[in-house]
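I had this model open today and kept a few notes as I went. Have a look along with me.

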Amino acid sequence: YHAYYAEDPNEKKIYLTFDAGYENGYTNLLLDTLKKHNAPANFFVVKSYIENNKDLVNRMVKEGHLVCNHSKSHVSMASIDNIDKFNEEILSTAKAYKEVTGKEMPKYFRPPMGKFSERSLKYTQDLGYSTIFWSFAYVVWYDSNQPRTHPGAIVLLHSNSQTNAEILDEVLTHWEEEGYTIKSLDYLTNKKTS
């Protein structure tokens, strides 16, 4: 169903993704840090985020990041059995993106809360989207039990997290020193299809 959670474990590549349900004042700092490191990121946003943060969304696009689909209302896509309602969750978000940026939204979808079913993966694929999960999630409330970086990691962070914003420069510096390269999801999916 064109779903991904990790990439080639033999390549020191990392795919940096941020989920954005609402703005908390940290995204400009994240974008400044990404620019400093020349690191592309992939932001998964809900429809209201696009509508309420037009300048940020346009900055993301202008600076070479992918702004991707995280649904209209952040519901469990696995719980939706009505195909029209399911499609509305994705298509209305893509429409809002086009209205704000004048561009087509990249065809990457992250299911809210990571909840999915075989049916939801199929519906997503039928809309032409790849589903993007993660293999590494930084969870602020785990002080000592953080996951380990690995080649091919799809990393999940949150743009509304003060901690994520504060640690990003240090984390990117560490990954660079370890020989990792940050890549866009376009690299991941083009590699799989070529």
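**Asn38 and Ser71**

Is Asn38 buried or exposed? I looked it up: Asn38 counts as exposed, at 70% relative accessibility. I should jot down early that this is a predicted model. I found Asn38 in the loop between helix 1 and strand 3 (42-45). Its phi is near 50°, a positive value in a residue other than glycine.

Next I turned to Ser71, which has a positive phi of about 95° although it is not a glycine. Ser71 sits in the loop between strand 4 and helix 4 (83-101). I checked its accessibility too: Ser71 counts as buried, at 0% relative accessibility. So my notes hold two loop residues with positive phi, Asn38 and Ser71, with Asn38 exposed and Ser71 buried.

**Helix 1 against helix 6**

I then asked how helix 1 lies relative to helix 6. Their axes come within 9 Å, with helix 6 covering residues 162-177, and they cross at roughly 15°. An angle under 35 degrees counts as roughly parallel, so helix 1 is roughly parallel to helix 6. I noted the hand of this crossing as right-handed.

Which residues meet here? From helix 1 I listed Leu29, Leu30, Thr33, Leu34, Lys36 and His37. From helix 6 they meet Asn164, Ala165, Leu168, Asp169, Leu172, Thr173 and Glu176. By class, the residues of this contact divide into six nonpolar, four polar and three charged.

**Helix 1 against helix 3**

Helix 1 has a contact with helix 3 as well, so I looked that up next. The two axes come within 11 Å and cross at roughly 10°. Helix 1 and helix 3 are therefore roughly parallel to each other. On the helix 1 side I wrote down Thr27, Asn28, Leu31 and Asp32, and on the helix 3 side Leu56, Arg59 and Met60. This contact of helix 1 with helix 3 has three nonpolar, two polar and two charged residues.

**Salt bridges**

How many salt bridges does a search of the whole structure find? The search finds 10. I picked out a few to follow up.

Arg59 and Asp32, both listed above in the contact of helix 1 with helix 3, meet through their side chains in a salt bridge at 2.5 Å, N to O. This pair links distant parts of the chain, with Arg59 in helix 3 (residues 54-62) and Asp32 in helix 1 (residues 27-37), 27 residues apart. I noted Arg59 as buried, with a relative accessible area of 18%. Asp32 counts as partly exposed, at 41% relative accessibility. The cut-off for buried is under 20%, and that is why Arg59 at 18% is entered as buried. I also found that Asp32, Lys35, Arg59 and Glu63 are linked in a network of salt bridges.

My next pair was Lys122 and Asp126, whose side chains meet in a salt bridge at 2.7 Å, N to O. They are four residues apart in helix 5 (residues 118-126), which means they are separated by about one helical turn. Lys122 is partly exposed, with a relative accessible area of 36%, and Asp126 is partly exposed, with 48%.

Last in this group, I looked at Lys13 and Glu11, with a salt bridge at 3.6 Å, N to O. Both Lys13 and Glu11 are buried.

**Tyr49 and Leu66**

What does Tyr49 touch? I first placed Tyr49 in helix 2 (residues 47-52) and noted that Tyr49 is buried, with a relative accessible area of 1%. Leaving out residues up to four places away in sequence, Tyr49 touches Ala20, Gly21, Tyr22, Glu23, Thr27, Leu56, Val57 and Met60. Among them, Thr27 of helix 1 and Leu56 and Met60 of helix 3 were already in my entry on that helix contact.

I finished with Leu66, found in strand 4 (residues 66-69). Leu66 is buried too, with a relative accessible area of 12%. Again leaving out residues up to four places away in sequence, I listed what Leu66 touches: Ala41, Asn42, Phe43, Pro106, Tyr108, Ser184, Leu185 and Asp186. I also checked one spacing: the C-alpha atoms of Leu66 and Asn53 are separated by 15 Å, and these residues are 13 apart along the chain.

Terms used: Residues numbered from 1 in each chain as written. Predicted model: local features only at pLDDT ≥ 70, side-chain atom pairs only at ≥ 80, totals over all residues. Heavy atoms only, no water. Salt bridge = Lys/Arg side-chain N within 4 Å of Asp/Glu carboxyl O. Buried < 20%, exposed > 50% of the residue type's maximum accessible area, 1.4 Å probe, protein only. Helix = DSSP H or I, 4+ residues; strand = E, 2+ residues; numbered from the N terminus. Axes fitted to C-alpha atoms, helices over the stretch in contact; angles between N-to-C directions. Parallel < 35°, antiparallel > 145°, perpendicular 65-115°, else oblique. Left-handed = near helix turned anticlockwise from the far one by under 90°. Contact = heavy atoms within 4.5 Å. Nonpolar A, V, L, I, M, F, W, Y, C, P; charged D, E, K, R; others polar.
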